[in-house]
Structure formats: C-alpha cells, structure tokens
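User: I'd like to go through this model and ask what stands behind each label. Could you set the values against the cut-offs as we go?

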Amino acid sequence: MNLLWLQSGGCGGCSMSLLCHESADLFGLLADAGIEIAWHPSLSEASADEVLDQLAVYERGEQPLDMLCIEGALLRGPHGSGGFHRLAGSGRPMTEIVRSLAQRARYVIAVGSCAAYGGITAAGANLTDACGLQYEDHLGGGLLGADFVSRGGMPVINIAGCPTHPGWVVDSLMALSLGQLTPRDLDPVGRPRFYADRLVHHGCPRNEFYEFKASAEQPSQQGCLMEHMGCKGTRAHADCNTRLWNGSGSCLRGGFACIACTEPGFEEPGHPLSQTPKIAGIPIGLPLDMPKAWFVALGALSKSATPRRVRENAVSFRVEVPPDSSKPPGMKP
Amino acid sequence: MGRRIVVGPFNRVEGDLEVALEFEQDRISAAYVNSPLFRGFEQMLIGKHPLDALHFVPRICGICSVAQSAAASMALAQAAGLSPCENGRICAALTQAIENLADHLSHFVLFFMPDFARADYAERAWSVEAVERYKAIAGSARREVVPARTRLLETMGLLAGRWPHTGSLQPGGSARPIDASERLRLYALLRGFRAFLERTLLGDALEAVAAIDSVGSLRAWAAAAPRGDFGRFLRIADDLDLWRLGRATDRYLSYGAYLLPEGPLYPGGVWDGGPRPLHLDAIAEDVSHAWMGGDTARPRDGSTVPMPDKPGAYSWCKAPRLAGEVVEVGALARQVVAGHPLARDMIRHGGSVAARVVARLLEMARTLPEMERWVMRLQPDEPFCAEFELPQDADGVGLVEAARGSLGHWLSIRRGRIASYQIIAPTTWNFSPRDAAGQPGALEQALVGVAAGADRRAPVSVQHIVRSFDPCMVCTVH
C-alpha cells in the first residue's frame, strides 16, 4: 500500500515522535509490512513542483492512493476560506486539497489529536476555526462530515494523542496494511481500541500513592498527581504507562500530570491544566465508572490507613522512608 | 523585470514553506519568503493561567519542543523572581542539549544530505556513494542514524518523561528527580551516542573535532582519514563550492546556550565584524510585509492580529530586527558569538551553506563531552525543583537557544492571568519577510545571485541554501 502524509495546522511532533520508534529499522519495518511511503514532508526527496505534480496525480485518480495520513488540524478560517494554510507553491487552501484526496484514498488516518479533533490548535477562541478530519472536539462533523466513509469502508482512523506514541502509529498502519483493522476495532471517537481501551492509570508507577490518596503538592514530589496537580490518568484512554515512551518514560514518570491529550477537547478543560478542580475539597474529575460516594468513602478510609512511608515519600522528591526490611517476606513469622 | 517562479512546498524543513524567486540575466535577483501557516498560539495563551504556558508552548513545535518549554519556564521564573536550584538548571541544560543534538543529527542526515542524492548530481564522482547512503528514505545511513537518535532520546524518557512535549521543565527546575541508578543510565546512553558519533558520523574523537581551529586545519583533518559522514560532506562541499553559496547578512545573534549555575556554556551576544553586546531593547518586530495588523513594536509591547487581506504583505511571519538590522541565528551564529576559532574562520569571507552545516557538526562534538560531565554533577539527594509562588502582576523574558537559533518568550501576567505572550523564534529571524525599509530577511538575502537552473524549476542549490538554515516553519509563525 502506498502512503501519503500531509501536514497542516499542527507542530509536526507526531512525525518527530514516529522517528523514535523502537524498531531497529523503522522504514524497513514499514516496507516489510507492505507500506511504501509515497511522500512524507520530513522524509521524502521530492520537493516543490515534484510534490504538486504527485498530488495532482492522486487527486485526479490517475494512481490509486491507499493511505492518506493527515497530521495537524484543518484550518477553515478566515471566514471559511481556509486561508490560514494555503499549501506552499499551490495557493490552494489545505482544506480543499485534503477534502479532495480523502475522496480518493482507501483509508484516511488522522495522526494526532489535532487532525482527529482539532486539538491544541483549536484552543482559546479558536481563531483559525480549526477542526479535525471527522470531528470537532467530541462532536462528529469536522472537515469531512460525520458520515464520511473512505473507499476502504472505514471512517477516519483517529490515532489521537499529543503527540502520538510511535507504536500507536506503526501498529495502526501495519494493522491496516495487513487487513487487521475494521470499524469494530475503533472506539466511539474513532481511536484504535488496541490502545484506547486502556487507561493511562494502568501501570502508573505512582499507584501505591493513589491507593492511599497520598498526594504530591509541588512539582518533583513522588505522590499521586490526581488530587492537586491536575492528573486525568484515571480517565484518559491510552496505554502510556504500559507501552512506555522513549524507552522508559511517560508523563507521570516525567513528574507531570496526564492532561488527557488523547481525548477530544483536552486543550480547553475549563481549568488550569496543572491544577485539579475541586468542589468542597473533593476533585470533580473522579474515575468515570466509580460511584462518587464510594470513592469519597474509600478515599477517607485509605487516607487514614496510609503508612508513614507512603505519606512522607508522597511529598518528597526522594525516598525519605524506605520500605521496612526488618521482616523479609517469605520468612517464617 | 525578468521571470518569476513560486517554489513550494519545501519539504525536509519542519512545516510548510514557499519562496518566490525573481530572475534577471540568469541569476536570482530577488527572493520573497512566505511562511504559509498561521495557528495563533500568542492569542490562545491570553487569559490563561500562567502555568498553562508549560503545556501549550511545547506544542508550538514538535522539533524545538523542549526549547519552547525552556523559554517559557525561564520567563515564568523571571516573573516569579525565582532562581532554579542547581539540579534543576543541569536538567534543563541537559534536556535542551539532547534535543539540539538529536535535531542536528536528523537535520544533517535526514533533511539536508538527501539533496545530494538527486539526479542533478548523477555526473559527480561522489554521486553513487551519496545515493547509496543518503537517498531519502532508502539510503543506508538511516539504518544507523535513526536508531542512534532513538537511543539518544531515551535519555528524554528518563529526564523528561517523553519527547516531544514534556511537562517536566518547571520554573523552579525539573519535576523529574534523577536517582543514582538513573544517573548511570543517562551517562551510559550519552556514552553510547558518543561511540556512534565518533565511529559513524565524525570518524574521530569528539575532542579532536572540537579542537579544529581553522578551515585550513579542517581540510587537513579531513584529508588524513575518511572521517565518516562529516568527511563525505566536506568532499561534496569542496566539489560544489558550498563555501561560497548562501551568504546572508554576516551579522549574528545568540542569546547564549545552556545556562548552568556558573553561567552559559556558550555565551551570548552579537557578532558584527567583531563581538558586540546584545541590547534586548533593540529587538523589535516589523509587520509591514506580514499579514498582521499593528505597527513595529518591541515584543513586550507587541500584539498578533491577523489581517489576511493586507495589501503588500506576503507572509504570516513578522520581521524581527535588531536595532533595525537583519541578523542570522543558528549553530553558526552561536559558535561565532561564543568564540570558537573554526566558526570565526569560516565566516572570514562571509557565511555559507558549508559553514552552517560544519557548525552543527562541530557543536555536537563540543557539547556532548560537556553533557557527560553535567550528568555526573546531578546530586540525587539534593532538590530538583525550587518551590515558588506565581505573582499576580509581573513580567518575564525567557531566552534560549534552540538547535536552529535564538528563541525568545516575552510574558506579562496581570491579575494572575497571562495578559500578553509574544514569541520570536529562530526561523522568524532567518526567514523574515522584508521590513518597512525594504530590507530583505536573511534567507531572502542568501538566495540573491544564485545561478538559475536549466529549466523553469528552481536550481537545486536553492534547496541547499534553504535547508542550510535548518528552518523550523511551525515555530516561525506559531
């Protein structure tokens, strides 16, 4: 399958992240899965007229286009003209080019939350009238419309994330190429379920602190970031703490809160991103599928049961109190 | 007027880029650089909580992401009257340096060198080798370079959670403490990257490369052994005379890079035939040829108001000027200002494509040994982040060096919220349009005089000149 990758209202970070894929030879891996990169803005030789000629061939349907990957939001402004991004050398709004290519492509793939939902580019007053390919925030629509289905019988595949994990992109492309991705494999906002059916909370190294509601109050402290620091890991759909980033990382492992960057509308949560909004001292964003009263009751109980080790380590940048080693497990009592 | 062509999209730059070229007597007589994408980060930030900037600004750019974070955290620290703790400063310097080295590597091998594998050069003696090694996507260099970059960026998994778009950099230091075992893993990863650079990219010890002090000794060094990809580039550069291609203003700016407790590793300033002090108040952005409203303003007083139908405008990019003058930024500027003898010798007869590329490779060789020492200075038992309170009303400026040059953030906080946020990015300097006085930007100057190609397309040397600046277009307009 050939793959055409275009960028519009985004930062290019999903492409840069893709290059961090763990394989020994990323391009070799894709080629082996039957994926031929027809053009990518960061990687290909063709430039200027050579690219415009190639796009025209796909737009006119003279050559089949298998995978159309779009990175970055689609900018419909100003006044519906698409003029905030006209593809260099063409004078044409990128929105027009993407709309036309999407009708030809077998599969259309939104790489990153900007292309999926509008993302960070749609923040604030959304000056550029940015939207995703098939969504505007969580609402169906976007550039291509809620009912869009590509020639291959799929809606837009939303590899959401800001940026995307390289594994999400490679696995999605390989699954498509090998015929293993169907509409049933996407969640209700179009994300591949192989990573969106997980929560960032799963595998979080701060889990013991979460269990005891032992919370960090300042950056660099080891405690749970949910109570004060804005963490949305218990509600954010992604496998960031089981499929790690750059070898051994994740946002939580980097000491900062999950801002739920795989979710539609994450960029405007209505509160400062590094603070947890609360009502009467209770965080309003509790785990989605847990009765609030139980959460509060369990929280109160676990707080009163918190070991000194967990309580003190939670508000320190280092291990102040190591685990008790006076009674090694496995020895007779 | 002679013929005029519009060239774009330029790829292997970060973002989208269009250049209009006018020709007279088979030479480029004028160039007009258009940054065709506008997103509006400066407006987005107005009214937000000041710490939200730490989540927004890295997302301006997927390749200068940490540099953006560092500039914001520095501006916030200055606004809060805060001095980051020693560990925090070292972590900030390390993460910035890692990003810059990774960017230098991907620029050189993935963005810049593939143009020498073009059919235009099929007759050259080095063509077969260039195609085998640097051909876009297919070339053999990628099998060594991409994994080496990936391994280097595993340091970011430890120091910053991930790359790009980390939230670890904080006004008080770093949110990510490093323990004794992690310090060793960081050191081992940097040593592994050193081995790759010495074996594959540079073909000599980093210290030996960093000690090259003139163009003459560079040539002698390159003649003495194969010297890896650096040597391959130097042979091409001599053959195509890239030393006399792409001269811009010969006036250089650096804010200074890697601010350690004892001071910056590469001191900042201005070079204009000799070292000059930098007066920040002399920086102003002209909007005469940008699709922007308002007048020329210093960034602390600036605004960003798009005017898509503005007559006479041809780019979304404003035109920053230093005391009314065009300056060039980047690794060459940084090393010239910091006083490296090879960098200064390379610009003796004017800046060039070759000088810009050599400066990046030189900078990798100079910086990595320092980074190895910084890692070992981290003290796991000392704090990594100073506590702080944000003021209700304050101003701050954050000045850093991204891989591709000087990046500045100007922040105003009023009643606890961001009242103004203005950004001047490296490529805003290098790829600015004309100003009210008609002065072309640095790239616009660098393209003038280039010989036209045989057909209507832009000559391939235009590709080299454009990419020699390592442009980042998503930062340029933001």
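User: What makes the span of helix H10 of chain B close to the expected one?

Analyst: This is a predicted model, so everything here is computed from predicted coordinates. Helix H10(B) covers residues 228–240, 13 residues in all, and reaches 19 Å from its first C-alpha to its last. The expected span takes 1.5 Å times one less than the number of residues, which gives 18 Å for this helix, so the two values are close.

User: Which residues of H10(B) are buried, and what covers them?

Analyst: The buried ones are B:Asp229, B:Phe230, B:Arg232, B:Phe233, B:Leu234, B:Ile236 and B:Ala237. Their cover includes six helices of chain B: H4 (86–112), H5 (127–134), H6 (141–160), H7 (180–201), H9 (215–224) and H13 (353–377).

User: What follows H10(B), and why is that residue called exposed?

Analyst: B:Asp241 comes next, with a positive phi near 55 degrees, although B:Asp241 is not a glycine. B:Asp241 is in the loop between H10 and strand E6 (252–254) of chain B. The cut-off for exposed is 12 or fewer other C-beta atoms within 10 Å; B:Asp241 has 11 such neighbours, so B:Asp241 counts as exposed.

User: Why is B:Leu242 called buried, then?

Analyst: B:Leu242 has 23 other C-beta atoms within 10 Å, and buried takes 20 or more, so B:Leu242 is buried. B:Leu242 is in the loop between H10 and E6 of chain B. Leaving out residues up to four places away in sequence, B:Leu242 touches B:Ala237, B:Ser352, B:Val353, B:Ala354 and B:His464. As for B:Glu382, 140 residues apart from B:Leu242 along the chain, the C-alpha atoms of the two are separated by 49 Å.

User: How do you know that strands E14 and E15 of chain B pair?

Analyst: Pairing takes at least two bridges, and 7 bridges join E14 (residues 405–414) to E15 (residues 417–424), so the two strands of chain B pair. They run antiparallel, and one of the bridges links B:Gly408 to B:Ile424 in E15(B). The hairpin has 2 residues between the strands, and there B:Arg415 takes a positive phi near 50 degrees.

User: What makes chain B as compact as a globular protein of its length?

Analyst: To set the scene, chain B comes to 17 helices and 15 strands. Its radius of gyration is 22 Å, and the globule rule gives 23 Å for 478 residues, so chain B is as compact as a globular protein of that length. Along the principal axes, the C-alpha atoms of chain B fill a box of roughly 65 × 55 × 40 Å. Buried residues make up 62% of the 478 residues. Of the contacts in chain B with a separation of 6 or more, 71% are between residues 24 or more positions apart.

User: How many residues does each chain give to the contact between chains A and B?

Analyst: Chain B gives 75 residues and chain A gives 62. On the chain B side, the elements that give two or more residues are strand E1 (4–7), helix H1 (41–45), helix H2 (53–56), H4 and H6. H6(B) gives the most, with 12 residues. By class, the chain B side has 37 nonpolar, 21 polar and 17 charged residues.

User: Where are the domains of chain A, and what does their contact look like?

Analyst: Domain 1 is 2–192 and domain 2 is 198–333. Their centres, taken over C-alpha atoms, are separated by 34 Å. The contact takes 17 residues from domain 1 of chain A and 12 residues from domain 2. On the domain 1 side, the residues divide into 9 nonpolar, 6 polar and 2 charged.

User: Which peptide bonds are called cis, and where are they?

Analyst: One is the bond from A:Gly77 to A:Pro78, with omega near -10 degrees. A:Pro78 is in the loop between strand E4 (74–75) and helix H4 (94–104) of chain A. Another is the bond from B:Gly8 to B:Pro9, with omega near -5 degrees, and B:Pro9 is in the loop between E1 and strand E2 (18–24) of chain B.

User: Last one: is A:Ala260 buried or exposed?

Analyst: Buried takes 20 or more other C-beta atoms within 10 Å; A:Ala260 has 25, so A:Ala260 counts as buried. Its phi is positive, near 60 degrees, in a residue other than glycine. A:Ala260 is in the loop between helix H8 (207–211) and strand E10 (278–279) of chain A.

Notes:
Residues numbered from 1 in each chain as written. Chains lettered and ligands numbered in written order. Predicted model: local features only at pLDDT ≥ 70, side-chain atom pairs only at ≥ 80, totals over all residues. Helix = DSSP H or I, 4+ residues; strand = E, 2+ residues; numbered from the N terminus. Contact = placed C-beta atoms within 7 Å. Domains from an automatic or database assignment. Nonpolar A, V, L, I, M, F, W, Y, C, P; charged D, E, K, R; others polar. Rg over C-alpha atoms; globule rule 2.2 N^0.38 Å.
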